[in-house]
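Please read the following explanation with the sequence and the model side by side, taking each region in turn.

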Amino acid sequence: IRCEEVRPYSDGLCAFRENGKWGFMDTAGKTVLSPVYDECYDFTDGHAVVRKDGFWGIIDAEGESTTGFVFTLMRDFSDGLAYAEGGNISYYVSPEGKSYRLSPKFEYGDFSEGYAPVKKKKKKNGKWGYIDKKGAVVIEPAYDTVNNFSNGVALVCKKQDYFYINRRGSKRNIVGAANAEPLKFVNGFAKVRTPYGVRYMDSNFELTPFTVTDATDFNEDGIAAILMQDGSMRYINTYGKSVITLEYDKAGNFSEDYAW
């Protein structure tokens, strides 16, 4: 199949663009859903957020919509819910199409680890806090900026002071975390940029002893591609031990046993 653009596989399907429209193919390259969508996100747990004829909705792997195409704005799934707007009303929507109407007094972010950032709507200097999936405020809006939770902590800013909080809203001191750079844990590790290069932080917030020039996240098998200071590349395990030395100029991480 010839495409104008393709994306990585997700949930066994790959989004592709043909004649300006998006569709989906399987791992054999067979078209599963014809390119009829104006925009789309990748499939997650058997469902995808797509836009068709100017309106957004959710489809399953058969192309059937669980919501109908009724939303004027929609974001991708995060932690099992997608934010949507329609008729001046905001919602969180499940893959099965169940919608939860939201209070108009907040602006809403995406869920991570069960919490979503919310901002009080004010003419000036509205503050950020967090709600849970029931819509209850769990951390009161008191911050100038916030980020999503990862490994139980989130980077926030209050009066130009950046620091981490835990899920109870208490300060959490994390030694070695970069100032004003949120931690994003993937498969148990987060990348931390230092003046000397990139280091990894494990789920106990301990820094690994090795530093590299650049790196990918660790994949589900504990393998990452790294760039050394001498320009060479290799794959390492979580202990920093080289598992494959490369002769290539660039490389990506392994996913389902293959890497570019």
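In this predicted model, one aromatic cluster is formed by Tyr83, Tyr92, Phe106, Tyr108 and Phe111. Two members of that cluster, Phe106 and Tyr108, are both buried. Across the model, the count of aromatic pairs comes to 17. In the pair made by Phe106 and Tyr108, the ring centres lie 6.1 Å apart and the planes meet at 80 degrees, so the arrangement is edge-to-face, a class that requires planes over 60 degrees apart.

From the cluster one can turn to the second largest pocket, which has a volume of about 190 Å³. Its lining is made up of 15 residues, of which Asn88, Ile89, Ser90, Pro104 and Lys121 are the closest to its centre. At least two lining residues are supplied by each of strand 9 (82-86), strand 10 (89-93) and strand 12 (106-108), and strand 9 gives the largest share, with three residues. Sorted by class, the lining of this second largest pocket contains five nonpolar, six polar and four charged residues.

The largest pocket encloses about 680 Å³ of space. Its lining counts 18 residues, and those closest to the pocket centre are Pro8, Tyr9, Glu220, Phe254 and Ser255. By class, nine residues in the lining of the largest pocket are nonpolar, five are polar and four are charged. Such spaces can be found because rolling a probe the size of a water molecule over the atoms shows where empty space is left.

A last stop is a single residue, Asn237, which sits in the loop that runs between strand 25 (233-236) and strand 26 (242-245). Is Asn237 buried or exposed? Its relative accessibility is 18%, and because the cut-off for burial is under 20%, Asn237 counts as buried. The side chain of Asn237 reaches two backbone nitrogens within this stretch of the chain: that of Tyr239 lies at 3.0 Å, and that of Lys241 likewise lies at 3.0 Å. When residues up to four places away in sequence are left out of the count, Asn237 touches Phe218, Gly222, Ile223 and Val243. Taken together, Asn237 is a buried loop residue whose side chain makes polar contacts with the backbone nitrogens of Tyr239 and Lys241.

Notes. Residues numbered from 1 in each chain as written. Predicted model: local features only at pLDDT ≥ 70, side-chain atom pairs only at ≥ 80, totals over all residues. Heavy atoms only, no water. 1 Å grid on protein atoms, 1.4 Å probe; cavity = no way out; pocket = protein on both sides within 12 Å on 5 of 7 lines; lining within 4 Å. Points joined across faces, edges and corners; volume = space filled by probe spheres on them. Nonpolar A, V, L, I, M, F, W, Y, C, P; charged D, E, K, R; others polar. Helix = DSSP H or I, 4+ residues; strand = E, 2+ residues; numbered from the N terminus. Buried < 20%, exposed > 50% of the residue type's maximum accessible area, 1.4 Å probe, protein only. Polar contact = N/O pair within 3.5 Å; in protein donor to acceptor, adjacent residues only side chain to side chain. Contact = heavy atoms within 4.5 Å. Phe/Tyr/Trp six-rings, centres within 6.5 Å; stacked < 30°, edge-to-face > 60°.
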